[in-house]
Amino acid sequence: MMSDLLRNISNVFKRISHAAMRAGRNPEEIKLIAVTKTVSPERIIEAIEAGLRIFGENRVQEAREKIPEILKKCPGITLSWHMIGTLQKNKAKYAVKLFDVIHSVDSKELAIEIHKEAEKTGKIQDTLIEVKLSPEESKHGIRPEELFELLEFTSTLKNLHVMGLMTIPPYSENPEDSRPYFRRLRELFELANTKGFQLKELSMGMSGDFEIAIEEGATMVRIGTALFGERIK
Ligand SMILES: *Cc1c(COP(=O)(O)O)cnc(C)c1O
């Protein structure tokens, strides 16, 4: 019998493919980031055995505990780790050590800190800029009015590479409610590219709304619950 995890992985891939085909896109353009916050190293290793390679964590401390343990148990397997949560400046040095991509750059100060840490080891740190598209105060991210100034600025940092944009729409039961936010992010992405910024990635869509995000152009979907089940914590 197939385990829940294997069944969930297979369902999520099917749903990604169907959404891509509905939108006339190639499903291979879309990267599945398995969000493993609160998920144990044992279950993450199961997911690796099932073929997943890209993982997202939202807390530096949790990642510092889990990632080295997983790497030790999976020698020879190339994994990609993405920091998807809010990053405090004083944790930038750990984030640069642990993560291939940081999705949550939302200020010059944070960009400077990440760049400084990357420079120490000669790493070119891949990042995304998190854009705040809803007025809700609790959400992190830079306001769209400030995006281009931040893009100009980060283009001067040689050890920081901005690959694209990320957003988190306000929570809603109805996935269609996310569509205007995803569309707006894609419009900003296209505008940035007409200005010459060469962005490639759009990180948008979670368990509740990833199909809508794919229809609107997502290249990275960040999915936790639909793979690993409801989080207890
Ligand atoms: C937790 C989290 C996700 C995944 O959420 P699910 O609804 O469980 O798929 C995606 N993005 C971010 C930034 C998160 O913190």
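Trainee: How many residues in the lining of the second largest pocket are nonpolar, polar and charged?

Mentor: There are 6 nonpolar, 4 polar and no charged residues in that lining. We're looking at a predicted model, where local features need pLDDT of at least 70 and side-chain atom pairs count only at pLDDT 80 or more, while totals for chains, interfaces and linings use all residues. Residues are numbered from 1 along each chain as its sequence is written, and side-chain values use heavy atoms, with hydrogens and water left out.

Trainee: Which residues line the second largest pocket?

Mentor: Leu151, Thr154, Ser155, Leu157, Leu160, His161, Val162, Phe197, Gln198 and Leu199. To count as lining, a residue needs an atom within 4 Å of a pocket point; a pocket is an open set of points on a 1 Å grid over the protein atoms alone, with protein on both sides within 12 Å along at least five of seven lines. Strand S6 gives the most to this lining, with 3 residues.

Trainee: What makes Leu count as nonpolar there, and His as polar?

Mentor: Ala, Val, Leu, Ile, Met, Phe, Trp, Tyr, Cys and Pro count as nonpolar, Asp, Glu, Lys and Arg as charged, and the others, Gly among them, as polar, so Leu is nonpolar and His is polar. The largest pocket has 10 nonpolar, 11 polar and 7 charged residues in its lining.

Trainee: Why is the contact of Lys73 and Glu69 called a salt bridge?

Mentor: The rule asks for a side-chain nitrogen of Lys or Arg within 4 Å of a carboxyl oxygen of Asp or Glu. Lys73 and Glu69 meet at 3.2 Å, N to O, so the pair qualifies. Both sit in helix H3 (a DSSP run of H or I, at least four residues), 4 residues apart, about one turn of the helix.

Trainee: How do you know that Arg179 is buried?

Mentor: Buried means under 20% relative accessible area, exposed over 50%, and partly exposed in between (1.4 Å probe, protein chains only). Arg179 has 15%, so it's buried. Its salt-bridge partner Glu176 has 38%, so Glu176 is partly exposed.

Trainee: What makes Arg179 and Glu216 a tie between separate parts?

Mentor: Their side chains meet in a salt bridge at 2.8 Å, N to O. Arg179 lies in helix H7 and Glu216 in the loop between helix H8 and strand S8, so the pair ties together parts that are 37 residues apart in sequence. Glu216 is buried too, at 3%. Salt bridges that share partners join Arg179 and Glu216 into one network, with Arg22 and Glu176 among the other members.

Technical notes: Helix = DSSP H or I, 4+ residues; strand = E, 2+ residues; numbered from the N terminus. 1 Å grid on protein atoms, 1.4 Å probe; cavity = no way out; pocket = protein on both sides within 12 Å on 5 of 7 lines; lining within 4 Å.
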